[in-house]
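Got the model loaded and a cartoon on screen? Here is a route through it, stop by stop, with something to select each time.

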Amino acid sequence: MKRFLLAIGLLSGFSATGMADGLTAPSLWKNQRGSELRITSVTGSQLHGTFTNFDPNFQCRGIPYPISGYTTGGPTQFTVNFVKCGTVTTWSGSAQPFGYSAGWVLRYKGRAEGGYDFFSPAN
Ligand code: BTN
């Protein structure tokens, strides 16, 4: 019986790590730059929350800006309008319980630059 329960546990664990789950609420995520993504609620697939930049290589640090975007078992995407800086960044990737890996594009006055962020659970 113990072996059976262990097998069930392992199998459900494997399936949980094998699929993208999307972001859930409430949750807090921190990326490798120290920035924070806070998800306050998910309505259907629509994300609600804030993003706070803490990367010393960028401006508009420490200001929580609202996010707009969506999360699914496939792609998860959100956009932040850094009003004070005149820049808009969109992240796109796949969210799993252990992390959200996303490419981003930052647009400023018709120019664009890009990179990658990995968000780890922070709560
Ligand atoms: C700006 O300086 O234009 C506003 C802040 C931009 C911060 C960028 S968005 C992509 C990357 N990931 C972060 O956590 N911070 C930078």
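Start with the whole protein chain: of its 123 residues, 19% count as buried, where buried means 20 or more other C-beta atoms within 10 Å of the residue's own, exposed means 12 or fewer, partly exposed is in between, and C-beta atoms are placed from the backbone. Keep in mind that this is a predicted model: local features need pLDDT of at least 70, side-chain atom pairs count only at pLDDT 80 or more, and totals for chains, interfaces and linings use all residues. Residues are numbered from 1 along each chain as its sequence is written.

**Stop 1: the overall layout**

Colour by secondary structure and you get one helix and eight strands; these are DSSP runs numbered from the N terminus, with helices being H or I of at least four residues and strands being E of at least two. Going from the N terminus, the order is α-β-β-β-β-β-β-β-β. The eight strands close into an antiparallel barrel, ordered β1-β2-β3-β4-β5-β6-β7-β8; two strands count as paired if DSSP finds at least two bridges between them. On average, neighbouring strands of this sheet are turned by 30° against each other, direction ignored, using axes fitted as lines to C-alpha atoms (for helices, over the stretch in contact) and angles that run from 0 to 180 degrees between N-to-C directions.

**Stop 2: around β1**

Select residues 27-31, which are β1, together with 111-121, which are β8: this antiparallel pair has three bridges. Look for lysine 30, whose bridge partner in β8 is serine 120.

Now add β2, residues 36-43, which pairs with β1 in the antiparallel sense over four bridges. Here serine 27 has isoleucine 39 of β2 as its bridge partner. The two strands make a hairpin with four residues between them, and glycine 34 in the turn has a positive phi of about 90°.

**Stop 3: on to β3**

Extend the selection to residues 46-52, strand β3, which runs antiparallel to β2 over seven bridges. Serine 41 stands opposite histidine 48 of β3. Another hairpin links β2 and β3, this time with two residues in between, and glycine 44 in its turn has a positive phi of about 65°.

**Stop 4: serine 68**

Pick serine 68 in β4, residues 64-71. Why does serine 68 count as partly exposed? Because it has 14 C-beta neighbours inside 10 Å. Leaving out residues up to four places away in sequence, serine 68 touches Phe78 and Thr79, a contact being two C-beta atoms, placed from the backbone, within 7 Å. Draw a distance to leucine 47 as well: the two C-alpha atoms are separated by 6.2 Å, with the residues 21 apart along the chain.

**Stop 5: the core**

Show side chains for Leu23, Leu37, Leu47, Ile67 and Tyr100, the residues with the most contacts inside the largest nonpolar core, which has 14 residues. Such a core is a set of buried Ala, Val, Leu, Ile, Met, Phe, Trp, Tyr and Cys residues joined through C-beta atoms within 7 Å. At least two core residues come from each of β2, β3, β5 (75-82), β6 and β7. Centre on leucine 23: its contacts beyond four places in sequence are Ile39, Val42, Leu47, Thr71, Thr76, Ala95 and Tyr100.

**Last stop: the ligand**

Which of the 15 residues around the ligand come nearest? Select Ser35, Asp55, Phe58, Gln59 and Thr87; a residue belongs here if its C-beta atom, placed from the backbone, lies within 6 Å of the ligand. The elements giving two or more residues to this shell are β6 (87-96) and β7 (99-108).
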